[in-house]
Amino acid sequence: MGKHEERYSELHSFQDGEQIASIARGKNKNAFTRVRKMPVRDIITSIMTRKGLTAAMEIRNFLKASGLEAISKWAWLKARLNLNPGVFSFMNDRYMKSFYASVDEVRTWNGYIVLAIDGSRAEIPNSAENRKTYGTMGNDGESAPARCLISGLFDVLNDFFIDLQICTVKKSEIQAAEENVKALERIGIRQKALIIFDRGYPSLELLNYLEEHGIAYIIRISSVMYLKERRAAEGADCKVELEHTYRRMMRIKDNDEKRDEGEKRYEKIKAKGSTETRLVRDKTPSGEEFAVLTNLPDTIKGKEIVEAYFLRWKVEEAYNTLKNKMKFESATGMASIYVEQDFLSQILVYNMMEDALHDAEEEIKKSPKKYKYPRRINQNMAIGIFKDFLIDLQMEEDGKVRQEKMKILQSEIERYTLPVRKSKSKKRQFNSSNKYACNLKPSF
């Protein structure tokens with residue numbers, strides 16, 4: 001049995017327990033206590049296996065594939081109103097904990113698991129409830145579309161979303177990032193962590209927060225940030241003291257007004273006077289200065305750090321997969337609880353799919369070389385195949401039969417590969433295209 005099969009079997013067994021039912025109830029302790037046509041586990045499965053269709057089609061397809069007794073769309077939606085969205089985060093935490101406990105599987109860089117945090121605006125149903133819960137984009141009042149901020153903590157070497165925060169659209173990305181960081185302790189990840197941030201994140205409070213929690217960082221800074229310290233710095237790789245100026249401290253003081261009493265940081269950071277960090281500089285291909293701040297030890301060379309920064313592009317690719325291949329933003333209905341259920345469940349499904357894909361990648365590497373170029377799994381096909389198998393896997397009670405079905409799933413994924421070619425660097429071009437481009441069709 002492959003490692004991903006073991007993790008899925010463990011998660012499958014867990015879904016039948018009383019603990020999962022208790023978490024699914026949330027604050028409503030009377031929910032799901034009576035025998036229903038659709039118990040908690042089946043509701044969870046119906047959400048995980050969604051394909052971005054209408055609610056009526058989703059429940060029809062689920063009932064047809066599972067063989068369960070028919071229930072109406074309205075009964076399904078009503079039952080979901082009692083389901084705590086946090087149940088999917090809890091399941092994802094267990095899945096991630098199982099993976100990172102298997103030390104020999106975890107890919108690292110210089111002994112660190114390499115993570116990236118990035119925020120993105122997500123489209124959600126434009127209901128009055130969502131506008132109130134998450135906020136709107138623009139200044140058009142009630143006519144402005146509802147949007148939310150999602151902030152993901154993504155492992156760029158192992159291709160997993162460790163955590164996803166769903167926030168109001170006006171929330172600071174830095175505050176959302178701090179919530180992401182808490183997932184490392186919540187899940188119990190023991191490996192040393194390095195987190196990469198882009199130019200929207202540099203701040204004294206974030207640097208101090210990461211230092212306090214023993215987390216390494218690489219943060220890119222814009223061309224106008226910390227100019228005084230950069231001009232005084234000697235060389236392309238050196239230690240600098242970021243002065244706690246009045247202007248910089250006022251931003252922290254403003255943020256303290258939004259924090260609970262025990263989380264306020266202004267006075268503590270002010271007392272330090274300055275923050276020590278490491279400044280690494282390089283040149284972009286166009287000749288502009290590229291600069292990052294880091295607290296990595298001097299034993300790791302500046303050139304390695306610059307190269308490691310660009311690993312964060314993987315989180316951008318992951319968001320593209322979620323939004324454009326997995327129909328992440330196609331929420332079930334207008335209620336905010338549906339948005340959270342759908343978003344968090346798809347993060348779990350994404351991780352399960354990537355886990356299966358990893359094992360498939362390892363298998364094709366072992367196959368005899370009969371192609372001109374190395375091969376990789378076609379991710380779009382893997383998503384579609386995984387979605388097709390998921391209902392059957394979730395509903396199968398016999399462990400041995402389920403294991404055989406997972407082997408069939410993996411062999412199906414292994415059939416669809418693409419060549420890995422090194423492309424020449426060239427200027428990026430933007431061309432107009434049809435809405436349904438032939439090479440960008442979804443897999444389901």
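Select helix H11 (residues 246-256) and colour Arg248, Met249, Ile252, Asn255 and Asp256, which are buried. Buried means under 20% relative accessible area, exposed over 50%, and partly exposed in between, with a 1.4 Å probe and protein chains only. Helices (H or I, at least four residues) and strands (E, at least two) are DSSP runs, numbered from the N terminus. Now look down the axis of H11: its buried residues fall within an arc of 115 degrees, so they line one face of the helix. The arc is that of the directions from the helix axis to the C-beta atoms. An α-helix has 3.6 residues a turn, so residues three or four places apart point the same way.

The model is predicted: local features need pLDDT of at least 70, side-chain atom pairs count only at pLDDT 80 or more, and totals for chains, interfaces and linings use all residues. Residues are numbered from 1 along each chain as its sequence is written, and side-chain values use heavy atoms, with hydrogens and water left out.

Stay on H11 and select Tyr246, Arg247 and Arg251, exposed residues on the face turned away from the buried side. Next, show what the buried residues of H11 pack against: H8, helix H9 (204-212), helix H10 (227-232), S6 and helix H12 (266-272). Contact here means heavy atoms within 4.5 Å.

Follow S6 into the sheet. Eight strands form this open sheet, in the order S3-S2-S1-S4-S5-S8-S7-S6, with mixed pairing. Two strands pair if DSSP finds at least two bridges between them. Strand S3 (160-168) and strand S6 (237-243) are the edges; each has a single partner strand, so one side of each is left without a neighbour in the sheet. From one strand to the next, the twist averages 25 degrees.

At the S6 edge, S6 and S7 run antiparallel and are joined by seven bridges. Select aspartate 237 and find valine 280 of S7 opposite.

Move to the other edge, S3, where eight of the nine residues are buried. S2 and S3 run antiparallel, with eight bridges between them. Isoleucine 150 stands opposite isoleucine 166 in S3. The hairpin of S2 and S3 has four residues between the strands, and aspartate 159 there takes a positive phi near 65 degrees.

Add helix H8 (residues 173-187), which lies across S1, S2, S3 and strand S4 (192-197) and runs at about 140 degrees to S3. Axes are lines fitted to C-alpha atoms, for helices over the stretch in contact, and angles run from 0 to 180 degrees between N-to-C directions.

Which strands flank threonine 284? Threonine 284 lies in the loop between strand S7 (274-283) and strand S8 (289-294). Threonine 284 counts as buried because its relative accessibility is 19%. Leaving aside neighbours within four places in sequence, threonine 284 is in contact with Arg220 and Phe290.

Now select Leu83 and Phe197, the residues with the most contacts inside the largest nonpolar core, which has 133 residues. Helix H15 (residues 336-366) gives the largest share of this core, 14 residues. A nonpolar core is a set of buried Ala, Val, Leu, Ile, Met, Phe, Trp, Tyr and Cys residues joined through side-chain atoms within 4.5 Å. Not counting residues up to four places away in sequence, leucine 83 touches several residues, including Phe32, Ile44, Phe88 and Ile337.

Finally, zoom out to the protein chain, which has 17 helices and ten strands. Buried residues make up 51% of its 444 residues.
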